[in-house]
Amino acid sequence: AVVSTQSTGKQQLQNLPPEVWNVTSVDKISDRKRLEGLLKSIDTTYEQISNHRIRLQTEYTERTKVANLLKEFVSHQKQQLKHVEAKILEYQGKLQKVHDVRGRLQSHLTSLPDLTGGGSLAPLPEPGSLFGGGE
């Protein structure tokens, strides 16, 4: 409804009779009735232009508010992005440390002797034989 009202208002302003905007045409009118009609047209046109100016001012104010909101939003998003990027770097560092520890553990595991095959090592001595008490 607002768009059609604005469109109608613009259309009316574009179709003003030349007598309303052309000052020299006033001098050519000698009939009082036509002058009063022109005055009424001018008053109506003035009111239309004033209303149109108010609508434009309101639209400008609203657009300014929206622009400010968008600026704040973009600023906030940039701050959030910096925060997230910092977290990503932090977690990448932690992940690298985990990979390093994993690599060291894997290396250590491969250097340990294989204790899973039961026959490759001699059995442990009995505790009594270690301390000289027994036989």
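The legends below describe several views of one chain in a predicted model.

**Figure 1. The whole chain is built from helices.** The secondary structure of this predicted chain comes to five helices and zero strands, and reading along the sequence gives the pattern α-α-α-α-α. Of the 135 residues in the chain, 7% count as buried. The accessible surface of the chain comes to about 12200 Å², and 60% of that surface belongs to carbon and sulfur atoms.

**Figure 2. Confidence along the chain, from helix α1 to helix α4.** The mean pLDDT of the chain is 85, with 88% of the residues reaching 70 or more. Confidence is lowest in helix α1, which covers residues 2-14 and has a mean of 67, whereas it is highest in α4, where the mean is 94. A general caution applies when looking at such a view: where pLDDT is low, the predicted coordinates should not be read in detail.

**Figure 3. Helix α4 from its first C-alpha to its last.** Helix α4 has 80 residues and reaches 116 Å from its first C-alpha to its last, which is close to the 118 Å expected at 1.5 Å a residue. Within α4, the residues Leu38, Thr45 and His52 are buried.

**Figure 4. A close-up of the start of helix α4.** Here a side-chain oxygen of Asp31 reaches to within 2.8 Å of the backbone nitrogen of Lys33. Helix α4 itself runs over residues 32-111, and the loop that separates α4 from α3, the helix of residues 24-27, holds Ile29.

**Figure 5. Ile29 in the loop between α3 and α4.** Ile29, whose place is in the loop between these two helices, has a relative accessible area of 11%, and because this value is under 20%, Ile29 counts as buried. When residues up to four places away in sequence are not counted, Ile29 touches Arg34, Leu35 and Leu38. One of these partners, Leu38, is itself buried in α4. The C-alpha atoms of Ile29 and Glu19 are separated by 9.6 Å, although these residues are ten places apart along the chain.

**Figure 6. His52 in helix α4 and its contacts.** His52 lies in helix α4, and its relative accessibility is 14%, so that His52 counts as buried, the limit being under 20%. Leaving aside neighbours within four places in sequence, His52 is in contact with Lys10 and Leu13. Because the mean confidence of helix α1, residues 2-14, is 67, the student may wish to keep the general caution in mind here too: low pLDDT means that predicted coordinates should not be read in detail.

How values were computed. Residues numbered from 1 in each chain as written. Heavy atoms only, no water. Helix = DSSP H or I, 4+ residues; strand = E, 2+ residues; numbered from the N terminus. Buried < 20%, exposed > 50% of the residue type's maximum accessible area, 1.4 Å probe, protein only. Contact = heavy atoms within 4.5 Å. pLDDT = per-residue confidence, 0-100. Expected span 1.5 Å × (residues − 1). Polar contact = N/O pair within 3.5 Å; in protein donor to acceptor, adjacent residues only side chain to side chain. Areas by Shrake-Rupley, 256 points an atom, 1.4 Å probe, with all protein chains shown as cover.
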